[in-house]
Amino acid sequence: MKYPRTSSTTEASVREIVSRIDGWLTPAQAAILAELAARIPDGSHIVEFGSFLGRSTLSLLSGAPEVTSLYAVDPFAGDEVGPRPAKSTGVRIDSEAVHRQFHRNLAFADAEGRVTHLRMRSAGTPAEVLATAGLFFVDGSHRFRDATADLRLVCRHLRPGGWLAIHDAFYSVEVTLAIMIVLVRRPDFVYRGRSGSLAVYQRTGPAPGRGVRTGGANQLVQLAELVTLCGVCVRKSWLLMTTATGRVSDIGARWPH
C-alpha cells in the first residue's frame with residue numbers, strides 16, 4: 001500500500017538535506033517526514049528514536065512549524081550505530097565521531113536551538129516528553145525486543161490525531177515482527193501506507209478496551225505487506241548466491257537489514 005506522493009515543494013525542501021548528510025532515508029521518505037511534521041497537533045512536539053547523522057532530524061524540522069521542537073533520542077553507544085548492528089558485522093564504528101558529526105550537522109543547519117538531544121536509550125525517555133508528542137519517528141535498534149518495546153512505548157503515549165513513522169518497516173525481519181505483534185491488532189492505529197521501507201500510521205482514537213475487535217481492512221493491508229518482506233529476503237538471498245564477490249556489507253548498502 002503506497003503512501004500518497006508528497007508535493008514537489010516539500011521534496012525540494014529536503015533535497016539539500018539528503019544530499020549533504022549521509023544516511024539511508026531516501027528523498028521521498030525525507031519529504032514524507034517533513035509533511036507529517038507539518039500536520040502534528042497544535043501544542044505538540046516531535047520525538048525521534050534513532051538519529052544517526054541527522055538526516056531524518058533535519059527533514060522533520062524542515063516541515064514543522066517554527067515553534068515546534070524535536071527530541072532526538074539516541075545513545076550513540078556504539079552497539080547499534082547506523083544501519084547494521086556493529087557487533088554482528090565485526091565492524092568497529094566510532095560512535096563518538098558519529099555523535100560529534102550529528103551535532104555539527106545540526107549547527108550547520110542552525111537547528112541546535114530546536115533540537116534537544118537525549119543521549120539515552122528510548123526506554124529512558126522521560127514520560128513528560130513522550131506524553132506531549134504529536135509525531136514519533138522510530139528508527140532505533142532493529143532487534144526484535146527493542147523494536148517491540150519502542151512501538152509499545154509509542155502506543156502508550158501518542159495522542160489521538162498524532163502520527164507514527166517507522167523506518168525499515170517490512171524490510172527488516174525483526175522490525176516487521178514487532179509491527180505484527182504490536183500494531184496489527186490495534187484499530188486505533190490506522191496504517192496509511194509506505195514509501196519503500198518507511199511506514200506511516202495515524203492514531204485515530206483512544207486505546208481499545210479489552211474484547212474490542214480489530215478493524216479487518218486495516219489489519220489486512222498490513223498483513224499484505226509481508227509480501228514485501230518476502231521479496232526483500234528473496235532478492236538478498238539471490239544476490240548472495242549469484243554474486244561471486246557478494247558480501248553482506250555490499251548488500252547492506254541497498255538493504256541494510
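## Close-up views of a predicted model

Phe52 is partly exposed, with a relative accessible area of 21%. Since this is a predicted model, everything described in these legends is computed from predicted atoms.

**Figure 1. Phe52 in the loop before helix 3.** Our tour opens at Phe52, in the loop that runs between strand 1 (45-49) and helix 3. Have a look at the backbone here: phi of Phe52 is near 50°, a positive value in a residue that is not glycine. As for the side of the story told by accessibility, the cut-off for buried is under 20% relative accessible area, so Phe52, at 21%, counts as partly exposed.

**Figure 2. Asp110 in the loop between helix 5 and strand 3.** Here is another residue with an unusual sign to look for: Asp110 is not a glycine, yet its phi is positive, at about 55°. The residue sits in the loop between helix 5 and strand 3. Is Asp110 buried or exposed? With a relative accessible area of 69%, Asp110 is exposed.

**Figure 3. His103 and its contacts.** This view is centred on His103, a residue of helix 5 (residues 95-108). Which residues does His103 touch once its neighbours within four places in sequence are left aside? The contacts are with Glu112 and His117. Gly54 is a useful landmark here: 49 residues separate Gly54 from His103 along the chain, while their C-alpha atoms are 8.1 Å apart. His103 has a relative accessible area of 23% and is therefore partly exposed.

**Figure 4. Arg121 in the loop between strand 3 and helix 6.** Follow the chain out of strand 3 (115-118) and you meet Arg121 in the loop that leads to helix 6 (127-131). Its relative accessibility is 46%, so Arg121 counts as partly exposed. A helpful partner for orientation is Ser141: the two residues are 20 apart in sequence, and their C-alpha atoms lie 9.2 Å from each other in space.

**Figure 5. Helix 1 against helix 2.** Helix 1 (residues 8-20) packs on helix 2 (residues 27-38) at an angle of about 120°, and the two axes are 8 Å apart. That angle makes helix 1 oblique to helix 2. The crossing of helix 1 past helix 2 is right-handed. On the helix 1 side, look for Thr10, Glu11, Val14 and Val18, which meet Pro27, Ala30, Ala31, Ala34 and Glu35 of helix 2. By class, this contact brings together six nonpolar, one polar and two charged residues.

**Figure 6. Helix 2 against helix 3.** Staying with helix 2, we now turn to its contact with helix 3 (residues 55-63): the axes come within 6 Å and cross at roughly 45°. Helix 2 is therefore oblique to helix 3. The two helices make a right-handed crossing. Helix 2 contributes Ala30, Leu33, Ala34, Ala37 and Ala38, and helix 3 contributes Ser56, Ser59, Leu60, Ser62 and Gly63. How many charged residues are there in the contact of helix 2 with helix 3? There are no charged residues in it, and the rest divide into six nonpolar and four polar. Readers comparing views may spot that Ala30 and Ala34 of helix 2 take part in the contact with helix 3 and in the one with helix 1.

**Figure 7. Helix 7 and its buried residues.** Helix 7 (residues 144-157) is 14 residues long and reaches 20 Å from its first C-alpha to its last, close to the 20 Å expected at 1.5 Å a residue. Which residues of helix 7 are buried? They are Ala147, Thr148, Asp150, Leu151, Leu153, Val154 and Cys155.

**Figure 8. Helix 7 against helix 8.** Helix 7 packs with helix 8 (residues 173-182) at an angle of about 40°, their axes being 8 Å apart. The two are therefore oblique to each other. Their crossing is right-handed. From helix 7, the contact takes in Phe144, Ala147, Thr148, Leu151, Arg152 and Cys155, and from helix 8, Glu174, Val175, Leu177, Ala178, Ile179, Ile181 and Val182. By class, these are 10 nonpolar, one polar and two charged residues. Among the helix 7 residues in this contact, Ala147, Thr148, Leu151 and Cys155 are buried.

**Figure 9. The chain as a whole, for context.** To place the close-ups, step back to the protein chain, with its 11 helices and seven strands. Of its 257 residues, 50% count as buried. Among contacts with a separation of 6 or more, 71% are between residues 24 or more positions apart.

Note on methods: Residues numbered from 1 in each chain as written. Predicted model: local features only at pLDDT ≥ 70, side-chain atom pairs only at ≥ 80, totals over all residues. Heavy atoms only, no water. Axes fitted to C-alpha atoms, helices over the stretch in contact; angles between N-to-C directions. Helix = DSSP H or I, 4+ residues; strand = E, 2+ residues; numbered from the N terminus. Parallel < 35°, antiparallel > 145°, perpendicular 65-115°, else oblique. Left-handed = near helix turned anticlockwise from the far one by under 90°. Contact = heavy atoms within 4.5 Å. Nonpolar A, V, L, I, M, F, W, Y, C, P; charged D, E, K, R; others polar. Expected span 1.5 Å × (residues − 1). Buried < 20%, exposed > 50% of the residue type's maximum accessible area, 1.4 Å probe, protein only.
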